[in-house]
Amino acid sequence: MSKIDYSQKIPNNVDLFDDRRLQRALENWQPAYLDWWNELGPVESHDYEVFLRTAIDVSAKGWAHFDMVRMPDYRWGIFLADKEEDRKVNFGAHKGEAAWQEVPGEYRAELRRLIVTQGDTEPASVEQQRALGRTCPSLYDLRSLFQVNVEEGRHLWAMVYLLHAYFGRDGREEAEEMLQRHSGDVDKPRILEAFNIPTTDWLSFFCFTYFQDRDGKFQLSALAESGFDPLSRTCNFMLTEEAHHMFVGETGVGRVVQRSAELVKEHDTMDVAQYGGIPLVLIQKWMNFHFSVCLDLFGQEKSTNAANFYNMGLKGRFQEMKIDDDHQLDNDVYKVPEINGSGIIRTDTFALTAINERLRDDYRDDCQRGVDRWNKTLTGAGIDFTLTLPHQAFHRNIGTFADINVDLEGNIISPEEWDVNVGNWLPNDEDRAFVESLMVPVTEPGKLAGWIAAPARGIQGKDPDFEYIKFH
Ligand code: BYC
Ligand code: FE
Ligand code: FE
């Protein structure tokens with residue numbers, strides 16, 4: 001059942017053809033989506049032919065097709081992972097009941113809000129990254145950017161499908177508003193703050209795909225546990241695409257670290273800026289910024305919203321079914337950080353209200369793994385420098401730490417101390433101007449900007465110097 005019929009306007013594996021009303025609703029939305037792509041998608045890209053992956057199936061073997069495609073002709077489709085027979089609600093008050101194939105009426109508002117929040121981030125990221133094509137360090141990297149962009153567009157389709165198919169009139173209204181809010185717009189910004197900051201340089205892009213797409217992985221994983229089966233299946237397939245976005249981030253930052261390490265060795269100095277490299281201290285500052293901004297995306301440390309979503313069976317924990325407990329959590333506790341006098345301690349709180357914090361902890365562990373791999377490059381080169389994730393209380397805007405100042409190690413400091421040091425911890429104007437000065441476009445096949453190492457291998461068996469983009 002999972003083969004996708006490409007003869008239709010909107011490729012899908014949800015039997016769209018049998019539901020004329022839904023098909024019409026989506027076909028009405030499609031032109032607005034394409035207008036949005038043309039106006040706020042990647043700049044100057046409309047005539048480029050790009051070596052892109054397109055989802056054509058949802059099976060583990062061969063779900064994707066690679067070909068040269070003009071991006072406005074990309075087939076954004078609707079694909080749900082295969083249905084699991086007899087699937088149950090696996091957690092919360094309804095644990096053990098059959099999974100819902102329709103929206104449970106009493107939870108409609110909450111479910112809609114979760115889907116809208118998720119959907120809103122997808123086009124937001126495309127808007128944030130739209131100008132990066134002008135300064136790509138290589139054709140390989142430009143392809144990576146566009147691959148991520150078209151798939152984030154498809155992720156919007158995934159959420160808009162749910163809104164149209166299951167939420168009637170107000171779902172259609174929400175779908176329209178997805179194209180009316182814009183990243184950074186003064187009047188109608190995107191919902192979550194981290195999606196209103198433009199991504200203006202490629203180190204930021206790699207940090208974004210490493211840290212922020214990884215928030216996507218964790219939020220989608222939590223929604224993939226949902227008792228609302230269509231949401232679960234949608235998110236499961238989105239996660240398949242998401243893996244590549246994080247690959248782009250991990251290898252991207254990794255290649256910058258590698259190039260900087262080469263320059264440190266070659267010139268016997270940490271100050272590689274004069275040789276056109278990005279000093280390791282700047283990579284650390286970029287990490288501090290992106291990691292802290294992403295921690296905010298997990299919400300408050302103690303959240304009754306999160307407890308309710310869990311109890312209702314709408315949003316679970318990361319890998320819920322691998323956790324060995326009763327999946328109801330009425331009597332369980334979880335450690336949550338709190339301000340205690342001049343320090344930060346972790347104290348037991350109800351596990352249900354700590355759902356956001358637990359997901360944030362899982363996220364941090366996952367972030368650390370890639371950082372460890374970057375550090376291996378440095379130790380391998382014999383360089384005495386360790387990249388680290390800042391303390392979770394550093395530079396926070398949501399939750400317990402929003403109103404205090406904290407250094408990288410988690411010590412509470414005065415506003416005066418913060419002001420004196422912030423330029424050493426986060427990218428300052430001079431840092432940003434320097435990194436932007438390195439962002440000169442390199443578009444000859446196989447050639448590379450001087451601040452980044454070559455990729456280990458090409459895409460889909462192609463050579464790294466394959467002509468991944470034809471500009472015409
Ligand atoms: N910004 O109870 P709390 C991705 C508000 S990324 C602004 O903790 P909750 C992607 C909150 O609305 C994944 N406001 O909130 C990546 C609430 O307001 P009310 C995106 C915030 O609901 C890269 C109040 O504070 N997916 O896919 O438990 C490229 C109380 O807070 C924020 C999702 O986010 C914030 N950061 O947690 C492309 C999944 N945090 O009710 C794509 C869906 C909190 O008091 N969303 N507030 O008026 C959710 O699960 C939840 O809404 C959140 C927030 C985790 C975001
Ligand atoms: Fe996405
Ligand atoms: Fe992504």
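This is a short chat about a ligand shell and two loop residues in a predicted model.

Colleague: Hi! What should I know before I look?

Modeller: It's a predicted model, where local features need pLDDT of at least 70, side-chain atom pairs count only at pLDDT 80 or more, and totals for chains, interfaces and linings use all residues. Residues are numbered from 1 along each chain as its sequence is written, while chains are lettered from A and ligands numbered from 1 in the order in which they are written.

Colleague: Cool. Which residues come nearest to ligand 1?

Modeller: Ser125, Gly216, Gly299, Gln300 and Ser303, out of 25 residues around ligand 1 (around means a C-beta atom, placed from the backbone, within 6 Å).

Colleague: And which elements give two or more residues to that shell?

Modeller: Helix 2 (108-128), helix 5 (202-224) and helix 8 (304-311). Helices here are DSSP runs of H or I, at least four residues, and strands are runs of E, at least two, numbered from the N terminus. Helix 2 gives the largest share, 6 residues.

Colleague: How does the shell divide into nonpolar, polar and charged?

Modeller: There are 6 nonpolar, 12 polar and 7 charged residues. Ala, Val, Leu, Ile, Met, Phe, Trp, Tyr, Cys and Pro count as nonpolar, Asp, Glu, Lys and Arg as charged, and the others, Gly among them, as polar.

Colleague: New topic: what is the phi of Glu44?

Modeller: Positive, about 55 degrees, although Glu44 is not a glycine. You'll find Glu44 in the loop between helix 1 (20-40) and strand 1 (49-55).

Colleague: Is Glu44 buried or exposed?

Modeller: Exposed, with 11 other C-beta atoms within 10 Å. The cut-offs are 12 or fewer for exposed, 20 or more for buried, and partly exposed in between, with C-beta atoms placed from the backbone.
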